[in-house]
Amino acid sequence: MDSVLDSKALPRPLKGDVEPTIHWDIYPMNCDPRYLQLTTSCIPNSQSLLSRWHLPLGAVVCPLAEAPVGEEVPIVNFVSTGIIRCRRCRTYVNPYVTFTDGGRKWRCNICAFLNDVPGDYFAHLDATGRRIDLDQRPELTKGSVEFVAPTEYMARPPMPPLYFFLIDVSISSVRSGMLGAVAETIKSCLDDLPGFPRTQIGFITFDSMIHFYNMKSTLTQPQMMVVSDVDDVFVPLPDDLLVNLSESRRVVETFLDSLPSMFQDTMNVESAFGPALKAAFMVMNKLGGKLMIFLNTLPSLGVGRLRLRGSDTHVYGTDKEQALRVAEDTFYKQMAADFTKYQIAVNIYAFSDKYTDIASLGTISKYSGGQVYYYPSFLSAVHQDKLKHEFARDLTRETAWEALLRIRCGKGVRFTSYHGNFMQRSTDLLALPAVDCDKAFAMQLCLEETLLTIQTVYFQVALLYTSSSGERRIRVHTAAAPVVADLGEMYRHADTGAIVSLICRIAIEKTLNSKLEDARNAVQLRIVKALREYRNLYAVQHRLAGRIIYPESLKYLPLYGLSLCKSIPLCGGNADALLDDRCAVGSTMMILPIKRLLKLLYPSLVRIDTYLLKASLKDDELEEIGERLPLTLQSLDSRGLYVFDDGFRFVIWIGRLLSSDIAKNLNIDFAADLSKVNLFESENEMSKRLVRLLKKFRESDPSYYQLCYFVRQVDHAIAPPSPEKCIICRRYFEHKYEQAR
Amino acid sequence: MVKVTMIARVTDGLPLAEGLDDGRDVPDIEYYKQQMKSLFKNLSKGQNDASRMSIESGPYVFHYIIEGHVCYLTMCDRAYPKKLAFQYLEDLKNEFERVNGSQIETAARPYAFIKFDTFIQKTKKLYQDTRTQRNIAKLNDELYEVHQIMTRNVQEVLGVGEKLDQVSQMSSRLTSETRLIADKARDLNRQALIRKWAPFAIVIGVVLLLFWVKTKIW
C-alpha cells in the first residue's frame, strides 16, 4: 500500500482553515456561513438522489457567532406594524420575499402564501418589481437581522442576568487550590458581568451538608446557614439568598475574600451534590439564570449519588460497555428537565483526579443547554491560568437568556434530528435557557416527498431571546439553496466542515448506545461509501484503477475521518483513554462550532526552535511563524522543538537532540516530572519569544485557553513512555490509512 | 401586602416596567396579571375618569395613580391599608419621573425601563410589613389628622348643639309671642271693626229707636 501512496502528496489543511463553500454569486443575500452552514449547498431533488449521497445532509447553526467589527447584525424595530410574518407558516420577512400587486401584497418564500402589506409598511415598487425603500430596510437586504420583540413574544417581563454558583468545599477542592482560584476569578469578573444594574448573584457551598449565604445588602458580612438534613432539603430564607449584585456588592466581595479561609481546615470528604443541586433549583426557579457547578468529588451522599463505575474494565469490548458512557441514574436527566422548564442553564466544572462519572453529570448540561469543562487532576499552581481564562469567559461573554430556537425550511424538506446541548420541545423547537457565542447546533434534513418540485429551498433560523440588557429580541438568519438533480453538483458544493461536524456528533451519539468499534466503523463506512459513489460517477471517464479519486471540495474528508476515529471519544479500547476524558471531550465536541472542531481534530504543528534561535528578529517574524507541518512522524526532527496546538492545549515536543542552551534558557529540567512543569517566563530573550509566540497562538481563538504540556522524545528502550506521550502519539500522528475501495 | 406592581404608558398601554419576581406566593397570579393588563388596555382607550382609583377583584384590590401619561398600578390584599398603598405608588411615581421622565414619550419597545424593577423591589420590601416602624408612623400621621378632624367635629357638633338650643329656644319664644300677637291682632281687628262701624251702628240705632218710638206713639 505504502508504495502506491505518496504520503507527501496527500492533501492536508495546512494553509489555514478550511473555507466554507458558499453560493455568493447566486444568493448574495444569504446569511454569513458562520451562522448557518449547510453540509452541501445543493439540495437533492429526489429520495433516490438523496440515497446516493451517503454523507449527512443537514446544517450547522451557530446563531450567536461573534461577528467581526463592522459586520454586526442590524437591529430593526417595527414599532407601528408589529413584526411582519407570513400568516400561514409564520416565517419572518426576509430578503427573499417578493412583493406583488404594486407593493400591496407580499409572497412568502417558504410556503408561497400571499400576505397583505400593512399600511405603515407599504412602499411602491420600481420598474423591476423591487421596493423603492430597500436601502432603509435591512430586513429585506441582509440575511441576518434582529427584531425587537413586542409583548406577545414574552411569557414574562425580560429576566435579569442571574449567576448562581454551587461550589464543592470538600477537602480535595481546598487542597487542590480550586476554591481559591474560583473565588479569585469570580471577584475579578464582578465588574464585567453583563446586565448592570440588574444582575443577580447567589452562592451555595456543599460538602456533606449544604451551606446557604444570606447576602442582604444591609449586612456587613454574609451570614451562613447550614442545612445538614440532606434527605429533606429546604431553603432557610425566602429572600436574600439571591441578591442584586450592585446593591450587595460589598457583601459579595467579603464573602469571596473569606471563602478559601472559611474551609481551609475542613476534613470533610463527602459530597452531597444531589441535594445541593435541588437546593440551588429551589432558590433559582423563580427567575432562572445560569448555574455554575464546581465539583471535586464523586457525589456520595443523598439522592443522585454515583458509584465508581470507571473501574469496571471487564465490560469493555462487550455489549455492556456503552452503559458506562450513559447516565446510570435518571435523577440528573429529570433535574435537567426541571432546570430547563424554569430557564436555568447548567455549566459543570469538574476538577477531580479520580473518577467523577462525567457521563452522568454531563447529562445535566446536555439537556439544559450548558457545557462541561474538565480539568483532570487540577492543581492551582499548574492549571490556574486555564481555569481563570475559561471561567472568566463563561461569565463575561455575551449571553442570550430564556431562548428558543426554531428552524423553518421550505416545502418538501423537513429537519429530522438535532444534535447538541438543548431540550427539544417539539419537532422544530429547541429550548435553550442560556445560549452564547460558543455554542453550535447541528441538524439533519430529510425529504418529505419523493420528488421536489420547487427550485430553491429556503432555510430560516429564528432565535427568540432576552438580551443581557433586558430586551426581548428575535435573531433571524435566512439562507437559500438551489435544488439539483445531479449528484456531481452536490459533491462540488459540499462543505467539509459541516459534514465533519455532523459525522462527529452522530458518531459520539452512537457511542452512547453501541461499542466504540461500531461507531468508528460507521464513520469509516460512511466516508468510504460516499467516495465510492463519487468514483462511480467519474471512473468510467478516467479509467483510474487503483487510485482514489475524490472531489476537490471533500479532499480533506478522509483525513478528518481518520482524526475523528483517533480522537479521544472514539479512539481505541479501554486503556487508551480514561472514561471521564472520553465523556468530557465528547460532550465538548457536541457543542463546538465548525472551525474549532476542525482544529481539534487536526491540530497545527509548528517548528519553533529555528525561530527561537535566530540572532535577530524582524518585526513581522512573528506573523510568519505559523507555517504548519503535516502530522506525520517524519515531520518531527530530533533536533527540533515543536508546538502542537489543537485549540485546547499546547504540547511542546522536545526532540532528543535538542540543543541544550534552548533547554537551559527555557528552564526545562528534564529530571523532573514533565507533566507538572509549568512554563514561566524567565529573563532571557528566548524565553520571552516563546511566551510571545504562545500568546499569539492563544489569541487566534480566545474561547479556550491552552496550557503547555511538555513531552520529550525518549528512547523507548530506556524508559517507558509517559501517558501523555502515548495519547499524543496515538492521536496526532497519521499512520497509513486504508485505501478506500 | 403589595403583591404585583406594573407601570405602563396610558396613551397606548405599552408596559414600561414590572416588579421583579412579583406575586410568587399568589395562586392564579396569571389570572390577576391578565386583569391588570386588561385594565391598562381600558385606560388606553381614554376612559380614565379618575386619577386615583381602587378596584376590587376577589380577595385582592388594585390601586392605581395616573400622572404624566403613566399609570402606576399595584395589586394588594384587601386588608392592606389604602393609605399605605397610595403612598407606595407615590414613591414609585416620584422616582420614576425623576429618573425616566424625559424618555417616557419616546419609549419604543416594551419594558423599556425594566431597569426600574430593582427600585420597585426595594420599595416593595419597605412597605411589606404593615407593622414596621416606618409604616406605623405613616399610619399614625393619618390617624392624627383624622383625630384632629374628629375633635373639631365634636366641637362643632357641640357648638352646633348650643346653637340648636338657642334656635329652639328662640323658635318657641317666637311661637308663643306670635300667639300673643295673633290674639292681640284679633282684638285690634275687633276693635277696629267696632270703631269703623260704630257711628253707623249708633246712627242706625238712633233711627231705629226713633222709628220704634213713632210707631209706639201712633
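## Surface, core and helix packing in a predicted two-chain model

Val203(B) has a relative accessible area of 48% and is therefore partly exposed, since that class lies between the buried limit of 20% and the exposed limit of 50%. The model in which this value was computed is a predicted one. Val203(B) sits in helix 4 of chain B, which spans residues 133-217, and the residue belongs to a nonpolar surface patch together with Leu193(B), Trp197(B), Phe200(B), Ile204(B), Val207(B), Leu208(B) and Phe211(B). Taken together, the members of this patch offer about 820 Å² of accessible area. An α-helix has 3.6 residues a turn, so residues three or four places apart point the same way.

Chain B as a whole contains four helices and five strands, and from the N terminus on its elements follow the order β-β-α-β-β-β-α-α-α. Of the 218 residues in chain B, 32% are buried. Val61(B), which lies in strand 4 (residues 60-67) of chain B, is buried, with a relative accessible area of 8%. Although Val61(B) and Asp77(B) are separated by 16 residues in sequence, their C-alpha atoms are 6.1 Å apart in space.

Two helix pairs, one from each chain, can be set side by side.

| Helix pair | Crossing angle | Axis separation |
|---|---|---|
| Helix 6 (residues 331-341) and helix 7 (residues 358-368), chain A | about 25° | 8 Å |
| Helix 2 (residues 82-100) and helix 3 (residues 117-128), chain B | roughly 155° | within 11 Å |

With an angle of about 25° between their axes, helix 6 and helix 7 of chain A are roughly parallel, because angles under 35 degrees fall in that class. Helix 6 of chain A passes helix 7 of chain A in a right-handed crossing. For the pair in chain B, the angle of roughly 155° is over 145 degrees, and helix 2 and helix 3 of chain B are therefore roughly antiparallel to each other. The crossing of helix 2 of chain B past helix 3 of chain B is right-handed.

Chain A also holds a helix that is mostly covered, namely helix 12 (residues 557-566), in which ten of the ten residues are buried. The buried residues of this helix include the leucines Leu557(A), Leu559(A), Leu562(A) and Leu564(A), and among them are also Tyr560(A), Ser563(A), Cys565(A) and Lys566(A). Pro558(A) and Gly561(A) complete the list of buried residues in helix 12 of chain A.

Technical notes. Residues numbered from 1 in each chain as written. Chains lettered and ligands numbered in written order. Predicted model: local features only at pLDDT ≥ 70, side-chain atom pairs only at ≥ 80, totals over all residues. Heavy atoms only, no water. Patch = residues over 30% accessible without salt bridge, like charges linked within 9 Å, V, L, I, M, F, W, Y side chains within 5 Å. Areas by Shrake-Rupley, 256 points an atom, 1.4 Å probe, with all protein chains shown as cover. Salt bridge = Lys/Arg side-chain N within 4 Å of Asp/Glu carboxyl O. Helix = DSSP H or I, 4+ residues; strand = E, 2+ residues; numbered from the N terminus. Buried < 20%, exposed > 50% of the residue type's maximum accessible area, 1.4 Å probe, protein only. Axes fitted to C-alpha atoms, helices over the stretch in contact; angles between N-to-C directions. Parallel < 35°, antiparallel > 145°, perpendicular 65-115°, else oblique. Left-handed = near helix turned anticlockwise from the far one by under 90°.
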